[in-house]
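Grab a pencil and open the viewer. Let's work through a few exercises on how a protein chain is packed inside.

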Amino acid sequence: MSEVSIAKRKEKCENCTKQCNKKQSDDGANSKQEKEEVSGQVSEGSQLLLSACLSCDGCLSEEDNLKISQQSLEEVERVLALNKKCDVSKHKVLVASVCPQSLPFFAVKFGLDITEAAHKLCYFLKSLGVQYVFDTTLAAGFSILESQKEFIQRYRRRKHDSHALPMFTSSCPGWIRYSERVLGSLVTPHICTARSPQQIMGCLVKDYFSKQQKLSPEKVYHVVVAPCFDKKLEAVREEFYSSLLETRDVDCVLTSGEIYYLMEQRKVSVEELDSVPLDQVLGEAGDATLVKHDGRGSEGFLEHVFKHAAKELFGLDIQEITYKTLRNRDFQEVTLERDGETLLQFAAVYGFRNIQTLVHRIRKGRVPYQLVEVLSCPGGCLSGRGQAESDAGGRVDKALVQQMEEAYSSLPVRLPEVNLTLHTLYQDWLQGQDSLHANKLLHTEYRNQSQIHTQPPHMQW
């Protein structure tokens with residue numbers, strides 16, 4: 001990301017802070033802004049993206065700001081420099097995990113297909129001093145399988161547990177932060193407890209891979225390359241830090257744009273980069289083929305859970321899913337019917353405006369869905385502001401996003417259920433799918449952090 005873009009983002013964040021502070025100073029539910037929020041309408045003067053709103057300084061403590069300041073290129077370069085200066089016994093082993101939604105960005109920028117772009121990126125990262133480079137698709141597989149299992153459990157207890165349904169997905173840190181800080185108990189009990197792919201990858205690297213390499217977790221410095229700035233906020237959450245070992249599951253998150261900016265800074269051309277395959281968590285026993293999960297441009301939690309639930313609950317095999325567009329392309333629903341009866345109804349809700357509409361319906365008790373896949377970025381993860389923002393004006397580069405979508409769609413789909421590496425790790429690392437160890441490392445909990453605790457109206461889901 002260029003210095004100009006960073007400056008513009010800072011300027012935008014400061015404007016967000018002013019709006020946020022103004023809102024907090026207004027008189028509760030009677031304020032015009034709050035009425036707009038509840039109704040899903042945002043005035044032109046205060047039109048904010050959820051990611052921009054939640055990344056501003058207005059709701060961050062000094063401690064939060066300090067933690068996020070460490071999520072930077074400068075911090076990674078500091079660790080690399082220390083490795084060159086200090087005794088070998090004090091070296092950090094650098095591991096980079098690349099999100100699959102970041103790879104299309106590099107494919108477009110490099111003018112290559114995704115696999116070749118991934119190999120070039122791998123070589124660049126290793127030329128900096130990174131020893132291992134993984135992609136996080138494996139971790140996403142864990143997250144999907146755990147989400148599927150949790151949905152079935154919630155569905156079966158829905159009649160005696162008012163918080164069981166609907167279930168909201170938990171992979172988007174912008175949505176999670178908004179839920180905890182603003183919506184509170186209205187939403188948090190409904191959020192799926194499966195960790196996001198990023199944080200499962202953190203456990204995989206710091207718990208499993210470090211043991212395989214005979215390294216203590218604090219000797220491993222884990223960097224994640226992601227399409228979204230909000231992933232930095234997720235990495236510094238308290239529950240993902242071990243006070244005993246003084247280490248985080250993910251030490252630093254860098255956006256795709258920050259990595260590309262580093263390449264530009266160092267005047268590295270694609271032509272001079274060799275091709276090096278990504279590493280596998282299981283070593284040579286792993287499958288080096290790059291794959292994706294079902295879904296438009298994210299990890300496809302809705303599609304995977306929908307197909308699994310149709311089979312598990314109703315014995316129906318669903319091959320293709322038909323989306324019905326409601327308000328716009330970023331508010332869609334999927335329905336499972338049999339003999340005129342609606343069995344399941346899921347929704348995909350992306351972007352701040354659509355999330356506000358969803359919240360309004362929740363408050364009114366008008367949510368007919370059993371599961372909602374929620375993402376704060378319009379268009380999903382490929383449109384993350386860490387890679388899809390244009391240099392001019394800070395807006396989304398629609399042409400770039402379209403190219404990334406085309407590149408992403410070229411990857412073959414593999415269901416996590418048939419991924420042999422996942423089954424091996426469930427046994428060798430987690431002592432089985434339903435073990436206490438699996439529950440501890442693959443799940444988390446979300447808390448009500450809102451300052452105003454309002455009692456939600458009774459809701460019939």
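Below are four short exercises, each with a worked solution, on this predicted model.

**Exercise 1. Getting your bearings**

Find how many helices and strands the protein chain has, and what share of its residues is buried.

*Solution.* Start with the elements: the chain holds 17 helices and 11 strands. Next, look at burial. A residue counts as buried when its relative accessible area is under 20%. By that cut-off, 55% of the 461 residues are buried. Finally, check the outside: the chain exposes about 21,000 Å², and carbon and sulfur atoms supply 48% of that area.

**Exercise 2. The largest nonpolar core**

Work out which elements build the largest nonpolar core, and which of them gives the most.

*Solution.* First, the size: this core has 46 residues. Inside it, Phe-151, Phe-168, Trp-175 and Leu-344 have the most contacts. Now go through the elements that give two or more residues. The helices are helix 8 (137-156), helix 9 (173-183), helix 13 (301-314) and helix 14 (352-364). The strands are strand 3 (167-168), strand 9 (331-338), strand 10 (341-350) and strand 11 (371-375). Strand 10 comes out on top, with seven residues. Apart from this core lies another one, of 44 residues, including Leu-80, Phe-124, Val-225 and Met-263.

As a rule of thumb, nonpolar side chains in soluble globular proteins tend to be buried together.

**Exercise 3. Zooming in on one residue**

Which residues does Leu-344 touch once you skip its neighbours within four places in sequence?

*Solution.* Click on Leu-344 and go through its contacts in sequence order. You'll meet Phe-151 and Tyr-155, then Phe-306, Ala-309, Ala-310 and Phe-314. After those come Val-334, Thr-335 and Leu-336, and the list ends with Gln-370. For the whole chain, take the contacts between residues at least 6 apart in sequence: 75% of them join residues at least 24 apart.

**Exercise 4. Two cavities**

Describe the linings of the largest and the second largest cavity by residue class.

*Solution.* A search of the whole structure finds five cavities of 30 Å³ or more. The largest has about 280 Å³ of space. Among its 22 lining residues, Gln-101, Ser-171, Lys-231, Leu-375 and Cys-381 are closest to the centre. Its lining splits into 11 nonpolar, eight polar and three charged residues.

The second largest cavity has about 100 Å³. Its lining has 12 nonpolar, no polar and two charged residues. Helix 5 gives the most to this lining, with four residues.

Technical notes: Residues numbered from 1 in each chain as written. Predicted model: local features only at pLDDT ≥ 70, side-chain atom pairs only at ≥ 80, totals over all residues. Heavy atoms only, no water. Core = buried A, V, L, I, M, F, W, Y, C linked by side-chain atoms within 4.5 Å. Buried < 20%, exposed > 50% of the residue type's maximum accessible area, 1.4 Å probe, protein only. Helix = DSSP H or I, 4+ residues; strand = E, 2+ residues; numbered from the N terminus. Contact = heavy atoms within 4.5 Å. 1 Å grid on protein atoms, 1.4 Å probe; cavity = no way out; pocket = protein on both sides within 12 Å on 5 of 7 lines; lining within 4 Å. Points joined across faces, edges and corners; volume = space filled by probe spheres on them. Nonpolar A, V, L, I, M, F, W, Y, C, P; charged D, E, K, R; others polar. Areas by Shrake-Rupley, 256 points an atom, 1.4 Å probe, with all protein chains shown as cover.
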